[in-house]
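Welcome, and please open the structure in your viewer. We will go from stop to stop, with something to select at each one.

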Number of protein chains: 4
Amino acid sequence: MLIVMEEKATQEQMDEVVRTIHSFSYGCHVIPGQKGWVVGVTGNGKGKHRLQVLECLPGVERVVPISSPYKLASLETKKEKTFLKVSDVVIGNGRLVVMAGPCSVEDETQLMETARAVKEAGASILRGGAFKPRTSPYAFQGLGEEGLKLLAKARSHFGLPVVTEVLDQQDVDLVASYADILQVGARNVQNFALLKKVGRVRKPVLLKRGMMTSLEEYLMSAEYVLAEGNRDVILCERGIRTFETATRNTLDLSAIPVLKEKTHLPIIVDPSHAAGNWKYVPPLSLAAVAVGADGLIIEVHPWPEKALSDGPQSLKPDQFRRLMEDIRQMAKWMGREV
Amino acid sequence: MLIVMEEKATQEQMDEVVRTIHSFSYGCHVIPGQKGWVVGVTGNGKGKHRLQVLECLPGVERVVPISSPYKLASLETKKEKTFLKVSDVVIGNGRLVVMAGPCSVEDETQLMETARAVKEAGASILRGGAFKPRTSPYAFQGLGEEGLKLLAKARSHFGLPVVTEVLDQQDVDLVASYADILQVGARNVQNFALLKKVGRVRKPVLLKRGMMTSLEEYLMSAEYVLAEGNRDVILCERGIRTFETATRNTLDLSAIPVLKEKTHLPIIVDPSHAAGNWKYVPPLSLAAVAVGADGLIIEVHPWPEKALSDGPQSLKPDQFRRLMEDIRQMAKWMGREV
Amino acid sequence: MLIVMEEKATQEQMDEVVRTIHSFSYGCHVIPGQKGWVVGVTGNGKGKHRLQVLECLPGVERVVPISSPYKLASLETKKEKTFLKVSDVVIGNGRLVVMAGPCSVEDETQLMETARAVKEAGASILRGGAFKPRTSPYAFQGLGEEGLKLLAKARSHFGLPVVTEVLDQQDVDLVASYADILQVGARNVQNFALLKKVGRVRKPVLLKRGMMTSLEEYLMSAEYVLAEGNRDVILCERGIRTFETATRNTLDLSAIPVLKEKTHLPIIVDPSHAAGNWKYVPPLSLAAVAVGADGLIIEVHPWPEKALSDGPQSLKPDQFRRLMEDIRQMAKWMGREV
Amino acid sequence: MLIVMEEKATQEQMDEVVRTIHSFSYGCHVIPGQKGWVVGVTGNGKGKHRLQVLECLPGVERVVPISSPYKLASLETKKEKTFLKVSDVVIGNGRLVVMAGPCSVEDETQLMETARAVKEAGASILRGGAFKPRTSPYAFQGLGEEGLKLLAKARSHFGLPVVTEVLDQQDVDLVASYADILQVGARNVQNFALLKKVGRVRKPVLLKRGMMTSLEEYLMSAEYVLAEGNRDVILCERGIRTFETATRNTLDLSAIPVLKEKTHLPIIVDPSHAAGNWKYVPPLSLAAVAVGADGLIIEVHPWPEKALSDGPQSLKPDQFRRLMEDIRQMAKWMGREV
């Protein structure tokens, strides 16, 4: 951490800064500069965020953090990529994993039909929401446990592990008793109570980036899960909110190489929620593979025009099949398996 | 809701759209236009969000929603402004309410000292966090119930009602047993489980806008609380996330007149979190009063440089006292009491 | 400027960094840190931006600029506030200056009618566009020189100095021969050819912030004008582009206290373009006064429903008159004249 | 265009709206709705933007535009993709075009060295800036005509057509006398004087999207060029400004499929400026190819650590060569030539 002093800072103000740093059990180096002093803080890292209050001291212009605030999520701490096994599907080891299924589980016919289609097309994990976070209290909120049971049925029938969202820490044990991967959604990326709770469960966690989450904050959210003991976290870029409204959100594919430089955790991409329109899902899926994502999560629905949620962004089974063929070929060209 | 057809849409596609609208029990009018048809949907509003799936049908260019999706929060539904009473403090009746206190409750000395100062300066509600949402799992997480007890002590000592944040639905009853107003923070504005839970409690709710919540989504979040039966919701603008980094967030003061046009709920402003820097808090507070806010919530700390959280944005007691004098004079000029 | 080295940087990489800094004629201090070295650059500031290329060297994590890149615009360079005189109107000396008029000059009746109304209501400068920057090539582009002549006529008739936009460096001399203040619009805030040209003219420049201009970039644009010798620059906050669409742009009133801390230049506010809706103009104008702006620029049109541009955001003369009364009273309370 | 009336609108207000529409020589259909009337405007499209002022009339809630405001750029107007020929390079016909070269032309050695390297690696157009738009007036502003001459020399030596930026309409003829493609930069995307001027030149125009430009505004800017008679416009996505700071801008790859649905113009991608860091250029380039871009424009510098501008985002020749091999293979897999 560096403390940049104002040009007009006095020696007394300088001394007070040094005293305060020492009072937090840190050491420091004072560097004379052309536009005033800079103070470099040295020390062991515990409670380092408290140093931010130095900004309150007279004569201090700003406090510049130098090292990353996450530890367990950092590639500096753990040099090998994390890979994790869900049944016989391995995520993060170079193979490209495709998760697919409906936004919401609506009924048995719809789910079984979709599961069959995505399995045949080559997806290796089934997605489907039983608890749905909806902007409106009047919108379909999901089938709840009934939906979880249908997911379990589809899993045993088609041999596809299941990923489904959990909205509240109170439901974590229930959802974990059915699902293979627990999804924490974009709106809950800083629901710290939920993050801590899924951190204490022995199931992998698919943690979606929030619409407003910087990559550093995102890794801090992953850190919450890791710090509770659960090391099986999968990151997922799903679009950020910007001024552009031509797509529902702006898919931030740069996030993939940036995250790969900072963390050992696997990273997948959700083009369906980012685009909000099925037409853009195939090209964005291919771009996600090309940019180096470890996998994709894609919405598929046999009858999008009747879907209870997110119909406009769902692929039909035959569209998904064609996309999977393209994905397989691109992956092959890149020396990767699907 | 209006369905805009593509210019090249065929009669068959048009017919399918009309059939689908009827299958949802809605009526419609077809309007010929120069660039193709537009279909106006008429009907009773239940499940209207499902009509969004019409976007999936061939020949449909886009679906334009016309009426607002919130009902109970809407000024169309309830024409009189909502005002609510907390002990003998009334919020929303024209009087300007100032809530003030530390970001976090740290210890008895700090809290009592701050409470005394803000009371003397003229604040009418005490703020202070016992459960803290922190980006880092390694940062101070608040004193928990111990903090709630200190808040209750300060209340009985100084006669100030207390507002404090609740992070998780599991803690709602506990927090409600101590606090006068339950705060739902910016990161939880779409934590629907929490919104539903505080909607079933008989305490007013201070619902902060999220950093990336549109005003329409924000009112939908308020609708979650109202729909559960709790009609005492206070809105709070606290800055949105933009590209500008000179302030922590960008205080969106336009939100006040926009919200006043759409909803009957009272709206206050939090300049401290928006600015992230105590120096900007006084001018932004005056601007918030001038723009028509029903109140303010301001961070005050006797020793900001030792604060365990948010020190850089906290006013010292004497700075707060001077600000209160300015606020009182401006309010007086506007014919309002503080 | 500080060079943060990667944790794993080698001594050789460190040496190369130091060599490169010296090759640019700068000195440096190497500071050992817990997570690797930090190098503080010292020296005389010429060509400092070139040091950014140190990011290319192996072992360098990032380059952190410390001092502000603008000089002439900086409050550090010139401690007294700049104020400037336009006829007998002084801007920046504490008095609140209100500029008002139509978006576009449309014809003589419209302009004279508006000029009379804003003069009577207490405005001291007349605004009106003769060259209009329009998103569409098919929209009304302004009356050109004919509009400038009408503005000159209104000035001589009502004694109001005139501010009007110049779109292109080729028109600068023409516009300057009629106008008292040259406006550079939001879309041209980084049109450096235009900035240089108005910097060589002896007329004050009203430089609007761009919709996506950071405050630092904004001051750099002012620096372009100042560096050419024209020291009479007026800044103007007019809303930034964010995700929120309830208003046309988001008025960033925090920019006023932030800019006042960094620069000696006067700063006014344009609530009309920010809001895009006349209903929000009065409360935002009062907020701008309260936050400390040196003035306002407001759109007024006698018949907004017939305006050739920006009708929806224009106040009618009687609405403007009522607003001026409120502004005068608020200014009076703040000890300022209008 | 649709006029949505307020729920409480009266018959008189309704009549006034209809009268006003007729006064603009448009027809209309009144559609009764559950929440008040909607009025659909019909007519021939001239001056349609003026209908926006209907928002000023009492009883009108909002005005919803239905059809796109650009004509010549629209795929509805011209169904076949535009392709254009620059020497023997064809852009937009399915082949993938790679433009590469230094940010700025610095001297003959640097330019010739880079030109040789990019030619050998397989680029087909040489980029290089002679007039540079720089945030700071104190930064290197380009070599001007001297730079243009060096570009012409490199062209004749290596047989590579040249693309270079023009900053001001005054320089258009000069730049056009040397360059094969005129670049209009991101900061000038709404410099309408410049757009009109390059629209009157017989050279293709590479029009970069602004950091803050919505796709609709972007196509309107292209429309300015097309409307002046120049039909050879190449679009270029180069990153938009968002809250995320991990990359310099956020590359919006979704823009490619969205634009391809709306316009017949070719679209290329600039990953270098978007990322601001050479490390992210290769994966983003591959993603751009996968998403369907017609080409790439990439910064290459033989000695990035000595570059006078944008060094941190420039690839070295050997990095560029390896990237070109990957691009060629991916293109081949997609059935495209490079």
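Begin in chain C and select S10(C), helix H5 (residues 192-198) and S11(C): together they make a right-handed β-α-β unit. Helices (H or I, at least four residues) and strands (E, at least two) are DSSP runs, numbered from the N terminus. A crossover is right-handed if, with the strands pointing away from you, the path from the first strand over the helix to the second runs clockwise.

Before the next stop, a word on what you are looking at. This is a predicted model, in which local features need pLDDT of at least 70 and side-chain atom pairs count only at pLDDT 80 or more, while totals for chains, interfaces and linings use all residues. Residues are numbered from 1 along each chain as its sequence is written, chains are lettered from A and ligands numbered from 1 in the order in which they are written, and side-chain values use heavy atoms, with hydrogens and water left out.

**Around strand S11 of chain C**

Keep S11(C) selected and add strand S10 (residues 181-184) of chain C. The two run parallel and are joined by three bridges; strands count as paired if DSSP finds at least two bridges between them. One pair to click on is Gln183(C) and its bridge partner in S11(C), Leu206(C).

Now add strand S12 (residues 233-237) of chain C, which runs parallel to S11(C) and is joined to it by four bridges. Here Leu207(C) stands opposite Leu235(C). To follow the chain from S11(C) to S12(C), trace helix H6 (residues 215-227) of chain C; this β-α-β crossover is also right-handed.

Are the two faces of S11(C) covered or not? Both are covered in this strand (residues 205-208): Val205(C) and Leu207(C) on one side, and Leu206(C) and Lys208(C) on the other, are all buried. Buried means under 20% relative accessible area, exposed over 50%, and partly exposed in between (1.4 Å probe, protein chains only).

**A helix residue in chain C**

Next, select Ala115(C), which sits in helix H2 (residues 108-121) of chain C. Its relative accessibility is 0%, so Ala115(C) counts as buried. Which residues does Ala115(C) touch, leaving aside its neighbours within four places in sequence? They are Leu126(C), Ala154(C), Phe158(C) and Leu160(C), where contact means heavy atoms within 4.5 Å. Draw a line from Ala115(C) to Phe158(C): the two are 43 residues apart in sequence and 7.2 Å apart in space, C-alpha to C-alpha.

**The barrel in chain B**

Move to chain B and show its strands. S7-S8-S9-S10-S11-S12-S13-S14 form a closed barrel of eight strands with parallel pairing. On average, neighbouring strands of this sheet are turned by 25 degrees against each other, direction ignored. Helix H3 (residues 145-158) of chain B packs on the sheet and touches strands S8 (125-127) and S9 (162-165). The direction of H3 makes about 165 degrees with that of S9(B); axes are lines fitted to C-alpha atoms, for helices over the stretch in contact, and angles run from 0 to 180 degrees between N-to-C directions.

For one pairing in detail, select strand S12 (residues 233-237) and strand S13 (residues 267-269) of chain B, which run parallel with three bridges. Cys236(B) has Ile268(B) as its bridge partner in S13(B).

**Where chains A and B meet**

Show chain A beside chain B. The contact takes 47 residues from each of chain A and chain B, and the two chains bury about 4200 Å² between them, 56% of it on carbon and sulfur atoms. Highlight Tyr138(A), Met212(A) and Arg241(A), which lose the most area to chain B on the chain A side, together 15% of what that side buries. Buried area is the accessible area (1.4 Å probe) that two parts lose on being put together, summed over both.

**Last stop: chain A**

Stay in chain A, where the secondary structure comes to ten helices and 14 strands. Buried residues make up 65% of the 338 residues in chain A. Select Thr164(A), in strand S9 (residues 162-165) of chain A; at 1% relative accessibility, Thr164(A) counts as buried. Its contacts beyond four places in sequence include Gly128(A), Leu148(A) and Gln183(A).

Finish at helix H9 (residues 281-291) of chain A, where ten of the eleven residues are buried, among them Leu284(A) and Val289(A). Just after H9(A) comes Gly292(A), with a positive phi near 110 degrees.
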